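Subject: Structure for your review

Dear colleague,

Please find below the structure that I am handing over to you. I would be grateful if you could keep it open while you read the notes that follow it.

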Amino acid sequence: MEFIKEHIMQGNFIIAAAQFSPVSGNVEENTRMHQRLISAAASEKANAIIFPELSLTGYEHDLAKELAFTDADTRLEPFRILAREYNITIIVGAPVNTEGNKPQIGIFVVSPDTPVFQYSKIYLHPGEDKFFTPGSDVKVFQCHGQSLGLAICADTGVAAHAHNTATMGASAYLSSVLITEGGYYDDTAKLQNYAKKYGMAVVMANYSGLSGGFNAIGKSAIWDENGRLIIEAPEAGACVVIAKLRSTNPAPKVIHI
């Protein structure tokens with residue numbers, strides 16, 4: 001059955017996806033790289049930017065509990081400052097402190113005018129359950145008049161997750177991932193299909209390089225609501241891919257750092 005969307009992405013919304021190679025467990029150093037990438041996106045008037053899975057810590061299972069964040073974490077203050085300065089919504093990855101035995105894999109949303117909140121990964125990869133507990137709720141939020149849905153890596157492999165996000169009115173599906181060469185074709189084919197099936201733009205932020213023993217392939221990308229690939233990053237290097245959705249002007253671009 002074809003899914004017909006009522007909410008569409010307007011042509012004045014600029015979205016960015018960041019990629020880089022993280023420093024294992026070094027939140028301070030990774031924050032500095034985030035700041036550079038955010039500044040690059042802001043120079044192109046981006047309304048929102050999303051980073052890869054666990055971007056502030058790297059994909060480090062054994063360090064997650066020790067480094068876990070809360071919504072009020074002081075380590076998020078640099079992003080609160082940049083969000084206000086640039087009027088940009090910043091979506092960063094970090095383990096979430098659940099006050100239990102195991103944290104969650106989360107992304108924190110830092111906006112100029114609203115309190116920080118987070119979304120936690122619902123569908124875990126095999127082996128992640130040894131270190132993490134799953135989230136439970138799909139998340140769609142408003143940003144500059146748009147409805148943005150959130151996903152983390154394995155979430156995108158479960159068709160029900162994209163369906164439920166679209167049903168909640170998402171005009172774009174923002175995914176924070178770690179994808180290697182071996183999984184890239186299948187994973188991106190699913191993302192492209194979600195864009196076509198549900199009429200929502202899809203954005204994917206991936207690492208470029210090693211993290212947690214996995215060699216991510218980069219190639220962060222944005223698809224329009226028809227499933228057309230708008231822009232794709234190279235395999236290597238820190239950069240931002242940026243596009244104005246539902247518009248051909250300005251042209252999408254890759255900004256290298």
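In this predicted model, R75 is placed over the face of F69, and its distance from the ring centre is 3.7 Å.

Aromatic rings also pair with one another: five aromatic pairs were found when the whole structure was searched. One of them joins F117 and F141 in an edge-to-face arrangement, with 5.4 Å from centre to centre and 70° between the planes. F117 belongs to strand β5 (residues 117-120) and F141 to strand β6 (residues 140-143), so this pair ties together parts that are 24 residues apart in sequence. Are F117 and F141 buried or exposed? Both residues are buried.

Another of the pairs is formed by Y173 and Y194, again edge-to-face, with 6.0 Å between the centres and 90° between the planes. Because Y173 lies in strand β8 (residues 172-176) and Y194 in helix α5 (residues 181-198), the pair ties together parts that are 21 residues apart in sequence. Y173 and Y194 are buried as well.

I turn next to the sheet. Strands of a sheet pair through backbone hydrogen bonds, and they may do so in a parallel or an antiparallel manner. Here, six strands make up an open sheet in the order β6-β7-β8-β9-β12-β13, and the pairing is mixed. Which strands stand at the edges? They are β6 and β13 (229-232); each has a single partner strand, so one side of each is left without a neighbour in the sheet. From one strand to the next, the twist averages 20°.

The partner of β6 deserves a short description. Strand β7 (residues 146-152) runs antiparallel to β6, and four bridges join the two. F141, which appeared above in an aromatic pair, has L148 in β7 as its bridge partner.

The last topic is empty space. Rolling a probe the size of a water molecule over the atoms shows where such space is left. In this model, the largest pocket has a volume of about 260 Å³. It is lined by 15 residues, of which H125, C153, L178, I179 and D187 are the closest to its centre. Which element gives the most to the lining of the largest pocket? That element is α5, with three residues. Helix α5 is also where Y194 of the second aromatic pair lies.

With kind regards

Conventions
Residues numbered from 1 in each chain as written. Predicted model: local features only at pLDDT ≥ 70, side-chain atom pairs only at ≥ 80, totals over all residues. Heavy atoms only, no water. Phe/Tyr/Trp six-rings, centres within 6.5 Å; stacked < 30°, edge-to-face > 60°. Buried < 20%, exposed > 50% of the residue type's maximum accessible area, 1.4 Å probe, protein only. Lys NZ or Arg CZ within 6 Å of the ring centre and 35° of its normal. Pairing = 2+ DSSP bridges. Axes fitted to C-alpha atoms, helices over the stretch in contact; angles between N-to-C directions. 1 Å grid on protein atoms, 1.4 Å probe; cavity = no way out; pocket = protein on both sides within 12 Å on 5 of 7 lines; lining within 4 Å. Points joined across faces, edges and corners; volume = space filled by probe spheres on them.
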